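Please look through the following model with attention to how its strands and helices are arranged. The explanation below begins with a sheet and then turns to the helices.

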Amino acid sequence: MGSRPDTGFDLLWDELGALENEAKKPVEIRNFEEFTRTEFFDGEELRFYADADRFGEELRRIAPDDLDLVNSLIGDLKYMSRFKTSVAKEKGGIFSKIGSFLSNLGTFRCYLKHLRTPIGEYANKWKSKYVREALCNVIPPSWSLGSLTMGLAMQHTQAAGYPVGGSLQFSRNIERGFLESGGRIFYGSRVDRIVVKNDRASAIRLASGEEISGDYVVSAADGHSTLFDLLEGRYVSPQLKKVYDTFPLFPSSVFIGIGVNKDLSDLPHAIMIPVTGSFTLPDDSSRSHLSVSVHNFDPTLAPSGKTTVTVILHTWNDAYWRSLAAGNRKEYNEVKQQTGERIVEILEGRFSGLKEAVEVIDVSTPHTVHRYTGNWHGSFEGFAPTPTTLMTRLPKTVPGLANCYMIGQWTTAGGGIPTAAVDGRNLAFDLCRKDGKTFIGKTF
Ligand SMILES: Cc1cc2nc3c(=O)[nH]c(=O)nc-3n(C[C@H](O)[C@H](O)[C@H](O)COP(=O)(O)OP(=O)(O)OC[C@H]3O[C@@H](n4cnc5c(N)ncnc54)[C@H](O)[C@@H]3O)c2cc1C
């Protein structure tokens with residue numbers, strides 16, 4: 001979100017230098033003709049075109065008995081695509097904020113309608129079995145319809161593109177700006193405790209035993225471990241207890257990266273392919289479709305003439321992978337290898353000749369995700385976006401504990417990179433105000 005100028009979130013990436021490379025040149029953004037496509041067992045396919053009108057034509061073709069639903073969806077997508085958020089807290093007085101709120105009111109209402117509707121309930125309104133199947137393949141039925149339509153609406157205005165170089169370059173660009181501004185980063189330094197004195201956070205203690213004191217402690221790490229491990233469960237308010245006891249999570253994933261010695265530029269970049277008889281992961285999660293990405297749109301991800309293909313399989317059974325990795329490393333490695341090979345077999349059925357061109361298979365599991373990020377249950381985006389979770393505002397402070405803040409995906413249901421970045425900016429603004437300093441963002 002915010003890959004196009006003047007869409008609101010672009011201010012964040014601009015300030016962070018996230019979309020500017022080492023040579024101070026703008027990062028190339030790829031916008032796609034198709035957001036994704038779903039193929040069905042009988043050979044039919046549904047293309048989620050980025051352009052809402054074209055997507056409407058596709059829906060009328062595949063769902064001729066659902067014309068009212070098609071028209072209303074396309075109308076909503078166009079309406080939602082006009083929504084412009086303002087992340088600049090410091091900009092404008094109360095009247096300009098009210099003015100901006102009122103001018104966005106219609107779009108906001110439309111968003112609200114989509115956020116409040118569970119996607120399963122919405123899918124069931126469609127007579128077309130293809131649309132029903134495609135919607136339920138993409139997103140679990142209890143999640144909010146908005147979690148799909150918000151992304152689709154942004155495709156219509158090319159406001160959410162892909163930065164060439166992917167997430168690593170995006171992060172490196174931010175890191176460079178941070179270091180140039182005098183920031184310091186200590187990689188490979190796990191925090192074990194937030195040190196508390198008289199209900200006031202005063203320092204962090206690293207796994208090495210070293211203590212680093214500070215005026216404020218800000219945890220942008222996993223929410224569960226911040227509250228229950230780093231703070232030993234001493235500051236869990238009734239609201240947070242309820243949230244961590246009841247809110248559903250984004251799943252974790254088994255992620256298969258495949259290096260293919262082939263130019264696959266003729267293939268779609270994102271595709272859901274049906275699996276005959278379904279596919280069951282060793283952790284017992286089964287899938288009727290595989291979500292395949294062909295990274296033919298980013299030349300930095302493979303040598304010339306070769307292509308990276310990835311398959312992501314969601315799972316909520318992180319316990320299987322973590323206990324296998326802890327208990328029997330050899331078997332864990334074998335299971336990973338077999339899973340990767342089985343996926344390549346399935347892909348061969350759809351993309352003939354792919355198997356013999358495979359040079360490398362790399363499999364990441366929920367254990368890997370947990371090892372790298374510490375995220376609770378290996379979740380890839382925190383609390384799942386259901387109508388209930390999205391309507392709940394989570395605190396950015398730790399109730400009962402002074403000088404301690406929590407930001408990032410665990411403090412806004414639905415997670416994601418833009419919300420995490422907004423949190424950082426908002427907190428910087430608040431701390432500047434608290435310290436009597438002027439917040440300097442690019443808006444000045
Ligand atoms: C495959 C995939 C695709 C995605 N696609 C998108 C997308 O297209 N758009 C989007 O918006 N989002 C996407 N997401 C989600 C997005 O990546 C996350 O929501 C976002 O990165 C959350 O940022 P964060 O800073 O809150 O947390 P994280 O990115 O999890 O960062 C937390 C950091 O804290 C560190 N940490 C944790 N515990 C400790 C500790 N005890 N001590 C020290 N350090 C610690 C971790 O190592 C990590 O570096 C995707 C996620 C995945 C996995």
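**A sheet and its helices**

In this predicted model, 7 strands form an open sheet with mixed pairing, in the order β3-β2-β10-β11-β12-β9-β13. The edges are taken by β3 (45–49) and β13 (358–364); each has a single partner strand, so one side of each is left without a neighbour in the sheet. On average, and with direction ignored, neighbouring strands of this sheet are turned by 20 degrees against each other. Strands of a sheet pair through backbone hydrogen bonds, and the pairing may be parallel or antiparallel.

Consider the edge formed by β3. This strand runs antiparallel to β2, and 5 bridges join the two. One example of the pairing is Arg37, whose bridge partner in β3 is Arg47. The hairpin of β2 and β3 has 5 residues between the strands, and Gly43 in this hairpin takes a positive phi near 95 degrees. Is β3, then, enclosed or open to its surroundings? Of its 5 residues, 4 are buried, so β3 is largely enclosed by the rest of the structure.

At the other edge, β13 runs antiparallel to strand β9 (residues 252–260), to which 6 bridges join it. Here Phe255 has Ser364 in β13 as its bridge partner.

Helices also lie against this sheet. Helix α7 (residues 129–138) packs on the sheet and touches β2 (34–39), β3, β10 (270–280) and β11 (286–294). The direction of α7 makes about 60 degrees with that of β3. Helix α14 (residues 366–373) lies across β9, β12 (307–315) and β13. Relative to β9, helix α14 runs at about 100 degrees.

The next topic is the packing of one helix against another. Helix α2 (residues 52–62) packs with helix α3 (residues 67–80) at an angle of about 165 degrees, and their axes are 10 Å apart. Angles over 145 degrees count as roughly antiparallel, and α2 and α3 are therefore roughly antiparallel to each other. The crossing in which α2 passes α3 is right-handed.

Which residues of α2 and α3 meet? From α2 come Ala52, Phe55, Gly56, Leu59 and Arg60, and from α3 come Leu67, Val70, Ile74, Leu77 and Lys78. Sorted by class, this contact of α2 with α3 has 7 nonpolar, 1 polar and 2 charged residues.

How values were computed
Residues are numbered from 1 along each chain as its sequence is written. This is a predicted model: local features need pLDDT of at least 70, side-chain atom pairs count only at pLDDT 80 or more; totals for chains, interfaces and linings use all residues. Axes are lines fitted to C-alpha atoms, for helices over the stretch in contact, and angles run from 0 to 180 degrees between N-to-C directions. Angles under 35 degrees count as roughly parallel, over 145 as roughly antiparallel, 65 to 115 as roughly perpendicular and the rest as oblique. A crossing is left-handed if the near helix is turned anticlockwise from the far one by less than a right angle, and right-handed if clockwise. Two residues are in contact if their C-beta atoms, placed from the backbone, lie within 7 Å. Ala, Val, Leu, Ile, Met, Phe, Trp, Tyr, Cys and Pro count as nonpolar, Asp, Glu, Lys and Arg as charged, and the others, Gly among them, as polar. Two strands pair if DSSP finds at least two bridges between them. A residue is buried if 20 or more other C-beta atoms lie within 10 Å of its own, exposed if 12 or fewer, and partly exposed in between; C-beta atoms are placed from the backbone.
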